[in-house]
Amino acid sequence: IRMSRNELNGLLGRIDFFLEAVQPTLATRTVFNDGGMTEQIEHLPLGVVANISAWNYPWFVGCNVILPALLTGNAVVYKPSEFATLTGLAIVRLLHAAGVPREVLVCLVGTGEVGAALLAQDLDGVFFTGSVPTGRRIVQALSGRLVKLQLELGGKDPTYVCDDADPKTAAESLADGAMYNTGQSCCSVERIYVHEKIHDAFVAAFVDTVRGYKRGDPMAEDTYIGAITRAPQLAVLEAQVADAKAKGARL
């Protein structure tokens, strides 16, 4: 629950950023003027923008597309993840209450079938945050169509700890980077490479940091490790642990 509030607090700052940036960004720029000829750059709305979003930070990730799209004159069809449906409906309800016309912002709810039906529409832009396999399917669905496409897909985000880093500071930062939101973050630290000079000290500090994380009820303010979102992910985690142990890791 504390991390959910952190998401909303972060969104407030992001809203302010978009509001401040929209006019300077959209302002017409004169790039050449010799007295006889003038060249300018101006920005026009795309038109109808589809936003297919993720479940792990639904307010923040969803509004990262919805808000700038609306502010730059586009209509938005928003499909939240089926695992964050109520949040998606709440975002749209609040924006309607704030004055966004209902026909300019529409929410579609459902599974991948709804997403596929959305991609079949006459769209001018598609923005997706989610898995690599779904990203590939979206690319194939839009093949041959002149639709602006932006994908933010899962990775194996690595970090490197240099030999002059403070092991304790690095361990505390990277443990939080790996396990914040119970590891359910788009940019969670997934691979850590440590210089051999400070490897042992880093590992000791990392283990000590993680031992201090409280597991428990997700609605408790002091819980750091709570529930994961979907039961099938338990099998994925178990398989990863088994693979690591088979390669020499200690649990």
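**Close-up 1. K247 pairs up with D243 in a salt bridge.**
K247 counts as exposed here, because its relative accessibility is 67% and the cut-off for exposed is over 50%. Keep in mind that this is a predicted model. The partner, D243, is partly exposed, with a relative accessible area of 40%. Between the two side chains, the closest N and O atoms are 3.2 Å apart. Why can such a pair form? Side chains of opposite charge can pair when their charged atoms come close.

**Close-up 2. R5 and E221 link distant parts of the chain.**
Here's another salt bridge: the side chains of R5 and E221 meet with a distance of 2.3 Å from N to O. Where do the two partners sit? R5 belongs to helix 1 (residues 2-26), while E221 is in the loop between helix 7 (199-211) and helix 8 (233-246). That puts them 216 residues apart. R5 is partly exposed, at 41% relative accessible area. E221 is partly exposed too, at 42% relative accessibility.

**Close-up 3. E82 and K79 make a salt bridge with a buried partner.**
Is K79 buried or exposed? K79 is buried, because its relative accessible area is just 4%, and buried means under 20%. E82, on the other hand, counts as partly exposed at 34% relative accessibility. Their side chains meet at 3.6 Å, N to O. For the whole model, the count comes to 6 salt bridges.

**Close-up 4. Five strands line up in an open sheet.**
Read across the sheet and the order goes 5-4-3-6-7, with parallel pairing. Which strands sit at the edges? They are strand 5 (105-107) and strand 7 (148-153), and each of them pairs on one side only. From one strand to the next, the twist averages 10°.

**Close-up 5. Strand 4 meets strand 5, with helix 3 packed on the sheet.**
Strand 4 covers residues 75-79 and runs parallel to strand 5, with 3 bridges joining the two. Want one to look for? Pick V77, whose bridge partner in strand 5 is V106. Helix 3 (residues 85-97) packs on the sheet and touches both strand 4 and strand 5. The direction of helix 3 makes about 155° with that of strand 5.

**Close-up 6. Four residues make a nonpolar patch on the surface.**
Which residues build this patch? V31, F32, M37 and I41 do, and the patch comes to about 320 Å². M37 lies in the loop between strand 1 (29-33) and strand 2 (38-41). M37 is partly exposed, with a relative accessible area of 42%, so it clears the patch cut-off of over 30%.

**Zooming out. The whole chain has 8 helices and 9 strands.**
Now step back from the details. Along its principal axes, the C-alpha trace spans about 65 × 50 × 40 Å. How much of the chain is buried? Of its 251 residues, 31% are buried. The accessible surface comes to about 15500 Å², and 56% of that belongs to carbon and sulfur atoms. As for contacts, take those between residues at least 6 apart in sequence: 67% of them join residues at least 24 apart.

Notes:
Residues are numbered from 1 along each chain as its sequence is written. This is a predicted model: local features need pLDDT of at least 70, side-chain atom pairs count only at pLDDT 80 or more; totals for chains, interfaces and linings use all residues. Side-chain values use heavy atoms; hydrogens and water are left out. Patches are made of residues with over 30% relative accessible area and no salt bridge: like charges are joined within 9 Å, nonpolar side chains (Val, Leu, Ile, Met, Phe, Trp, Tyr) within 5 Å. Accessible areas come from the Shrake-Rupley method with a 1.4 Å probe; for residues, only the protein chains shown count as cover. Helices (H or I, at least four residues) and strands (E, at least two) are DSSP runs, numbered from the N terminus. Buried means under 20% relative accessible area, exposed over 50%, partly exposed in between (1.4 Å probe, protein chains only). Two strands pair if DSSP finds at least two bridges between them. Axes are lines fitted to C-alpha atoms, for helices over the stretch in contact, and angles run from 0 to 180 degrees between N-to-C directions. Contact means heavy atoms within 4.5 Å.
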